[in-house]
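Good morning, colleagues. Please take a moment with the sequence and the structure on the screen before I continue.

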Amino acid sequence: LGTWQYNNTVAEQAVLDAFKLGYRHVDTATVYGNQVGVGKALAKVGLPREEYFVTTKIMGGFNATGTKENLDNCLKELNLSYVDLLLIHFPSDAQGKGGVTSRQEEWKALEDWAKGGGAKAIGVSHYCAHHVKDVQKVATVPIAVNQVEFHVGMGNAPDTATDDKDFM
């Protein structure tokens, strides 16, 4: 279940309803502002933790300290001891700032955090080929996923699109 554009209240109810229907995966992110609601729902579903999958994301552009703080905050808001998949949401911060060094520093901090038990798998989101290659130069843990937005409502990508479909 994707929770983008849901506030905490709507996210909580949506997760509860979805799990009643058999869903076992929820996708959220710090920028969505609804991890607390998702966490409340997960606490209410009554399932053992190993029976559902949680993906969340932190913004890009953080230094090592900021990365760890944001990762720890994800677990706190979700009220979980680990997530199944943690992604760096964008290759830069919300203002488009951040480059190779920033991406590599954030990735290394994410790896350390995951190795400490915070996430079973780690990856990126909305990364183009050159962003992925930046991370691969320093990665000691494989990039499990590059989550990109693609759905029927998007239509066809224009010729100027930079989604690197051939690379994916």
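In this predicted model, strands β2 and β3 pair in the parallel sense, and four bridges join them. One of the contacts to locate is the pairing of Thr55, whose bridge partner in β3 is Leu85. How many of the residues of β3 are buried? The count is six of six, so β3 is largely enclosed by the rest of the structure.

Strand β3 also takes part in a salt bridge. The side chain of Asp84 meets that of Arg49, with 2.7 Å from N to O. This pair links distant parts of the chain, since Asp84 belongs to strand β3 (residues 83–88) while Arg49 sits in the loop between α2 and β2 (53–58), 35 residues apart. Are these two residues buried or exposed? Asp84 has a relative accessible area of 7% and is buried. Arg49, at 15% relative accessibility, counts as buried as well, because the cut-off is under 20%.

Allow me to step back to the chain as a whole. It contains five helices and five strands. Read from the N terminus, the order of elements is α-β-α-β-α-β-α-β-α-β. The chain has 168 residues, of which 42% count as buried. Its exposed area is about 9,100 Å², and carbon and sulfur atoms supply 52% of that area. If we take the contacts between residues at least 6 apart in sequence, 72% of them join residues at least 24 apart.

I turn now to helix α1. This helix covers residues 8–20, which is 13 residues. At 1.5 Å a residue, the expected span is 18 Å, and the end C-alpha atoms are 18 Å apart, so the two values agree. At the N-terminal end, Asn7 acts as a cap: one of its side-chain oxygens lies 3.0 Å from the backbone nitrogen of Thr9. After the helix comes Gly22, which has a positive phi, near 110°.

Which residues of α1 are buried? They are Ala11, Glu12, Ala14, Val15, Leu16, Ala18 and Phe19. In general, an α-helix has 3.6 residues a turn, so residues three or four places apart point the same way. The cover over the buried residues of α1 includes β1 (25–27) and α2 (35–44).

One residue in that buried set, Glu12, deserves separate attention. Its side chain forms a salt bridge with that of Lys44, at 2.5 Å from N to O. Because Glu12 lies in helix α1 and Lys44 in helix α2, the pair ties together parts that are 32 residues apart in sequence. The two partners differ in their surroundings: Glu12 is buried at a relative accessible area of 15%, whereas Lys44 counts as exposed at 54%.

A search of the whole structure finds five salt bridges, and I will present one further example. Asp72 pairs with Lys68, and their closest N and O atoms are 2.6 Å apart. Both residues lie in helix α3 (residues 64–78), four residues apart, or about one turn of the helix. Asp72 counts as partly exposed at 34% relative accessibility, and Lys68 is likewise partly exposed at 44%.

To close, I would ask you to keep two items in view. The first is strand β3, with six of its six residues buried. The second is the Glu12 and Lys44 pair, which ties helix α1 to helix α2. Thank you for your attention.

Conventions. Residues numbered from 1 in each chain as written. Predicted model: local features only at pLDDT ≥ 70, side-chain atom pairs only at ≥ 80, totals over all residues. Heavy atoms only, no water. Helix = DSSP H or I, 4+ residues; strand = E, 2+ residues; numbered from the N terminus. Buried < 20%, exposed > 50% of the residue type's maximum accessible area, 1.4 Å probe, protein only. Contact = heavy atoms within 4.5 Å. Areas by Shrake-Rupley, 256 points an atom, 1.4 Å probe, with all protein chains shown as cover. Expected span 1.5 Å × (residues − 1). Polar contact = N/O pair within 3.5 Å; in protein donor to acceptor, adjacent residues only side chain to side chain. Salt bridge = Lys/Arg side-chain N within 4 Å of Asp/Glu carboxyl O. Pairing = 2+ DSSP bridges.
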